[in-house]
Amino acid sequence: MTSASIASAAELVVVVNTANPATAMTSAQASQFFLGKSAMFTPVDLPENSPIRAEFYKKVADKDLSEVKTIWSKLVFTGKGTAPKEMHNYAEVKKAVAANPTGIGYIERSAVDATVKVVTVLP
């Protein structure tokens, strides 16, 4: 591996509220919440210009950010969904997920602490 590929190989995880009964989730299941196909969880996103956000959607749904934006634009326009709220950083994602029993987000594994629970480790 080159140093550039090592730098971009951060291990991403999907996290939920610690009170959530979910203990594991597949990438496909997680993508349902981040693409508006299920309202069971309330997703939070990183900023649109975040390279981690692009990496997350590629890994979880094999979609680039323009495809994700198109999906959400249609859902919002038709009144069938509300796009995930954007957080500025991992700390805000953890805080939002910890404050909402149905919260779900994604962060680098190194940022995980006792305020959230990991349900998916993305390859």
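This briefing covers the core, the largest pocket, helix α3 and a handful of individual residues. The model is predicted. Its largest nonpolar core holds 32 residues. Its largest pocket has about 250 Å³ of space. Several polar side-chain contacts follow, among them those of N17 and K94.

**Nonpolar core**

- Seven of the 32 members touch the most other members: M25, F41, F56, Y57, V93, I104 and Y106.
- Both helices and strands give two or more residues to this core.
- The helices are α2 (27-34), α3 (51-61), α4 (65-77) and α5 (90-99).
- The strands are β1 (12-17), β4 (103-108) and β5 (116-121).
- F56 touches L12, V14, F34, A61, Y106 and L122, leaving out residues up to four places away in sequence.
- One of those partners, Y106, is itself listed with F56 among the members that touch the most others.

**Largest pocket**

- The pocket encloses about 250 Å³ of space.
- Its lining consists of 19 residues.
- Nearest the centre lie F41, T42, P43, T82 and P84.
- Strand β2 (residues 42-45) supplies the largest share of the lining, with three residues.
- By class, ten lining residues are nonpolar, seven are polar and two are charged.
- F41 links two topics: it is one of the core members that touch the most others, and it is among the residues nearest the pocket centre.

**Helix α3 and the loop after it**

- At the N-terminal end of α3, S50 acts as a cap. A side-chain oxygen of S50 lies 3.2 Å from the backbone nitrogen of I52.
- The buried residues of α3 are I52, R53, E55, F56, Y57, V60 and A61. R53 and E55 are on that list along with F56 and Y57.
- An α-helix has 3.6 residues a turn, so residues three or four places apart point the same way.
- D62 comes just after α3, in the loop between α3 and α4.
- D62 has a positive phi of about 55° although it is not a glycine. Most residues other than glycine have a negative phi.
- D62 counts as exposed because its relative accessible area is 55%, over the 50% cut-off.
- K63 sits in the loop between α3 and α4 as well. K63 is partly exposed, at 23% relative accessible area.
- Outside its neighbours within four places in sequence, K63 contacts L35, Y57, K58, V68 and I71.
- K63 and K37 are 26 residues apart along the chain, and their C-alpha atoms are separated by 15 Å.

**N17 in strand β1**

- N17 lies in strand β1.
- Is N17 buried or exposed? N17 is buried, with a relative accessible area of 6%, because that value is under the 20% cut-off.
- A polar atom of the N17 side chain lies 3.0 Å from the backbone oxygen of A98.
- The N17 side chain also reaches the backbone oxygen of N100, at 3.2 Å.
- Beyond four places in sequence, N17 is in contact with V97, A98, A99, N100, P101, G103 and K117.

**K94, D113 and T115**

- K94 is in helix α5. With a relative accessible area of 12%, K94 is buried.
- The side chains of K94 and D113 are joined by a polar contact of 3.1 Å.
- T115 is in the loop between β4 and β5. T115 is partly exposed, at 37% relative accessible area.
- The T115 side chain makes a polar contact with the side chain of D113, at 2.5 Å. D113 therefore has side-chain polar contacts with both T115 and K94, each within 3.5 Å.
- Beyond four places in sequence, K94 contacts I107, A111, D113, T115 and V116.
- On the same basis, T115 touches T18, K94 and A98.

**T102 and its spacing**

- T102 is found in the loop between α5 and β4. At 32% relative accessibility, T102 is partly exposed.
- T102 touches M40, F41 and T42, not counting residues up to four places away in sequence. F41 and T42 are among the residues nearest the pocket centre.
- T102 and K63 are 24 Å apart, C-alpha to C-alpha, and 39 residues apart in sequence.
- T115 and T102 are 14 Å apart, C-alpha to C-alpha, with their positions 13 residues apart in sequence numbering.

Methods: Residues are numbered from 1 along each chain as its sequence is written. This is a predicted model: local features need pLDDT of at least 70, side-chain atom pairs count only at pLDDT 80 or more; totals for chains, interfaces and linings use all residues. Side-chain values use heavy atoms; hydrogens and water are left out. A nonpolar core is a set of buried Ala, Val, Leu, Ile, Met, Phe, Trp, Tyr and Cys residues joined through side-chain atoms within 4.5 Å. Buried means under 20% relative accessible area, exposed over 50%, partly exposed in between (1.4 Å probe, protein chains only). Helices (H or I, at least four residues) and strands (E, at least two) are DSSP runs, numbered from the N terminus. Contact means heavy atoms within 4.5 Å. On a 1 Å grid over the protein atoms alone, a cavity is a set of points where a 1.4 Å probe fits but cannot get out, and a pocket is an open set with protein on both sides within 12 Å along at least five of seven lines; lining residues have an atom within 4 Å of a point. Grid points are joined across faces, edges and corners, and a volume is the space filled by probe spheres set on the points. Ala, Val, Leu, Ile, Met, Phe, Trp, Tyr, Cys and Pro count as nonpolar, Asp, Glu, Lys and Arg as charged, and the others, Gly among them, as polar. A polar contact is a pair of N or O atoms within 3.5 Å; within protein, one must be able to donate a hydrogen and the other to accept it, and residues adjacent in sequence count only if both atoms are side-chain atoms.
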